[in-house]
Amino acid sequence: MDSLSLSRSSRSTLQPELRPSTLSGLNSPGPPFHQKHFWLVALLAVTAVRFLMAWIIPISPEEAYHWNFARHLDWSYYDHPPMLAWAIAAGRLIFGDTELGVRLVPLLFSIGTAVLLACLARRSYGDRAAAWTVLLLALNPCVLVIGAWGFPDAPLLFFWSLTLTLVWRALERGQGAWWLGAGAALGAAMLSKYTAAFLVPSVFGYLIFSRHRRWLATPWPYLGGLIALLVFMPVLYWNWAHDWASFRFQSTARFAAANDFKWRAGGVFLGEQWLAILPLTLPLGIVAFWQALRSSRTEDHFLLWLFLPMIGFFWMFGFTPSYHVLWALPAYLSLTVLMAGAVVGGQTMVARLYRDQIKWIGAAAACVLVLSVSHAAWVLPGISPLRETYGWDLIAARAKAEREMLLASGASKVKKAEDRGSTIEDGISFDSSSRMLDSQSSILDPRPSPGPGMASVASDRSSPFYLAIGNRSYPCPSQLAFHLNAPEQVHGSSLFGIRNLQYQYWSHPEELRGQDAVIVLESGINDAWICGLLAQHFQSVEPAGELILPVGKLPFGRKRQVRYLFFRAHGYQGLQ
């Protein structure tokens, strides 16, 4: 790591020869792109595009799931820390339970991320680098979309950027108090996503191999770490109260799933990183990385250290079956600033190409963006649609109608049972003429039970709930809860004893025992198995029809169809 080492200096500020104002060509006059505050114009344009996207694109199943977090506020959650839930809860106060309500605060986080990185680039490489940073961030699809919507990456990217900005301010000014702010920002980043912990080896790695290593002999970085732990305390408390479930899920469970090494998986990981994060800027990213390795500038080394540990770890993890394209996303923030510096410096042919052809690159990106947004909003023919995203208004309306029928039917059966003198125990009427599904029957083709029949009626104690089951564990209950605006009434497969992420903590099977339910089932390869589980966990189940939805709103082209089955179930029996 000799190339990253600098001679130790007793000065706490940048050496004069390393100041951005001395770099040739950084502040030369020119067209509007080179003007001092053009980066603000670029930021406003990108923000307008993001708000338009947030308005017209339906809510994704992941965002609906995270909205459920905000409707069940807690100190932390099984698969994520609480920052996003708190952010969505704040957005709901302004725009309600809508797409904009979910995305408002993440959008504000994305603005803050761009401002912080632009200011860092401006101090390191000059005014034009700030504008280039904003534009290069917009050319990163994951930062443009995921970093501004209802995903934990939105607050993570902001607090990651704030942490590295405050750390650099401490190094630049030589004032230890900045470390305390950096610690608080680090704690907030870890409240957003656990991968923020990679900031620790990044910063300490830089300190060890730089002229700023003198800070390791002071209490300030360690006090900052203590503050980070204090800010992170809500997550520690929740895990302590829940047998460290989240930590085990995100650590030992992940490593247990990464039980196989495959060269092909590594290639796929690199390909996904390219297409999802650097589709138009990969050559520039390679050049910026190589220049930083060879550079003697302190700023370049600092940004490089904010990139290397995280990307190196997840690149190795990418050779296993257990990885996600977004896990290494924060590492690319510092690489983006390095790319901006490389373009402004113009020392390579690739950098000059990007600088000279930015209009064509921007036009190409705009065309891709228009097509992508059009597809996400209306589904273009011949392209696979987003999963579990469309038609939920109709599904929710049908489920609500079935629940009203179930309530009406239950009230009617109670009255008839009272008129006949039938016995009613715990809300269950015993009537020999009723039909039910026993454990051997098919839900799609029920037959009379050989024994005494049972038909559930509405309990006087509570009303029917919804049970949504799909081909993945969380999308169906999350989308149904969002579009019904009834998160307390919608449950998932945890009612069958199947782990269902956070739903296993929201649902309490024993409290639902004896109640009726409307079942919404996403039709797929597991239909027969799910039907068997329904028969085991309810006293009777009756089919209530199906809903076949064409995916897409455009009036032309062949549309893919999705099929949902509905059932009215009586007498939930709890976990078996």
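These are my notebook entries on a predicted model of a single protein chain.

**Entry 1: the whole chain**

I began with the overall make-up of the chain. I found 25 helices and 8 strands. Of its 576 residues, 55% count as buried. I then looked up how contacts are spread along the sequence. Among contacts between residues at least 6 apart in sequence, 76% join residues at least 24 apart. The exposed surface of the chain comes to about 25,100 Å², and carbon and sulfur atoms supply 63% of that area.

**Entry 2: the cavity**

I next looked for enclosed space. How many cavities of 30 Å³ or more does the structure hold? I recorded 1. The space in the largest cavity is about 80 Å³. I noted which helices contribute to its lining: α1 (38-56), α4 (99-125) and α5 (127-138) each supply at least two residues. Among the lining residues are Leu-43, Val-46, Arg-50, Ser-110, Thr-113 and Ala-114. The lining also includes Val-134, Leu-137, Ala-138, Val-143, Gly-147 and Leu-157. By class, I entered 8 nonpolar, 3 polar and 1 charged residue for this lining.

**Entry 3: helix α7**

I checked the length of helix α7, which covers residues 153-173. At 1.5 Å a residue, its 21 residues should span 30 Å. The C-alpha atoms at its ends are 30 Å apart, so the model agrees with the expected span. I also looked up its cover: 19 of the 21 residues of α7 are buried. Just after the helix, Gly-174 takes a positive phi of about 70°.

**Entry 4: helix α16**

Is helix α16 enclosed or open to the outside? I found that 8 of its 8 residues, 298-305, are buried, so the helix is largely enclosed by the rest of the structure. The buried residues of α16 include Glu-299, Asp-300 and His-301, as well as Phe-302 and Trp-305. I then listed what surrounds them. The buried residues of α16 pack against α4, α7, α9 (199-208), α15 (282-294), α17 and α18.

**Entry 5: Gln-273**

I turned to single residues, starting with Gln-273 in helix α14, residues 263-277. Why does Gln-273 count as buried? Its relative accessibility is 4%, and the cut-off for buried is under 20%. I set aside residues up to four places away in sequence and noted that Gln-273 touches Leu-278, Ile-311, Val-325, Ala-328 and Tyr-332.

**Entry 6: Phe-319**

I located Phe-319 in the loop between α17 (308-317) and α18 (331-345). Phe-319 is buried, with a relative accessible area of 7%. I also looked up its separation from Gly-266. The two residues are 53 apart in sequence, and their C-alpha atoms are 4.0 Å apart in space.

**Entry 7: His-483**

My last residue was His-483, which I found in helix α22, residues 475-484. Its relative accessible area is 23%, so His-483 is partly exposed. Which residues does His-483 contact, leaving aside its neighbours within four places in sequence? I recorded Ile-59, Trp-392, Asp-393 and Ala-396. I also entered its separation from Asp-97: 386 residues in sequence, and 8.9 Å in space from C-alpha to C-alpha.

Key:
Residues numbered from 1 in each chain as written. Predicted model: local features only at pLDDT ≥ 70, side-chain atom pairs only at ≥ 80, totals over all residues. Heavy atoms only, no water. Helix = DSSP H or I, 4+ residues; strand = E, 2+ residues; numbered from the N terminus. Expected span 1.5 Å × (residues − 1). Buried < 20%, exposed > 50% of the residue type's maximum accessible area, 1.4 Å probe, protein only. Contact = heavy atoms within 4.5 Å. Areas by Shrake-Rupley, 256 points an atom, 1.4 Å probe, with all protein chains shown as cover. 1 Å grid on protein atoms, 1.4 Å probe; cavity = no way out; pocket = protein on both sides within 12 Å on 5 of 7 lines; lining within 4 Å. Points joined across faces, edges and corners; volume = space filled by probe spheres on them. Nonpolar A, V, L, I, M, F, W, Y, C, P; charged D, E, K, R; others polar.
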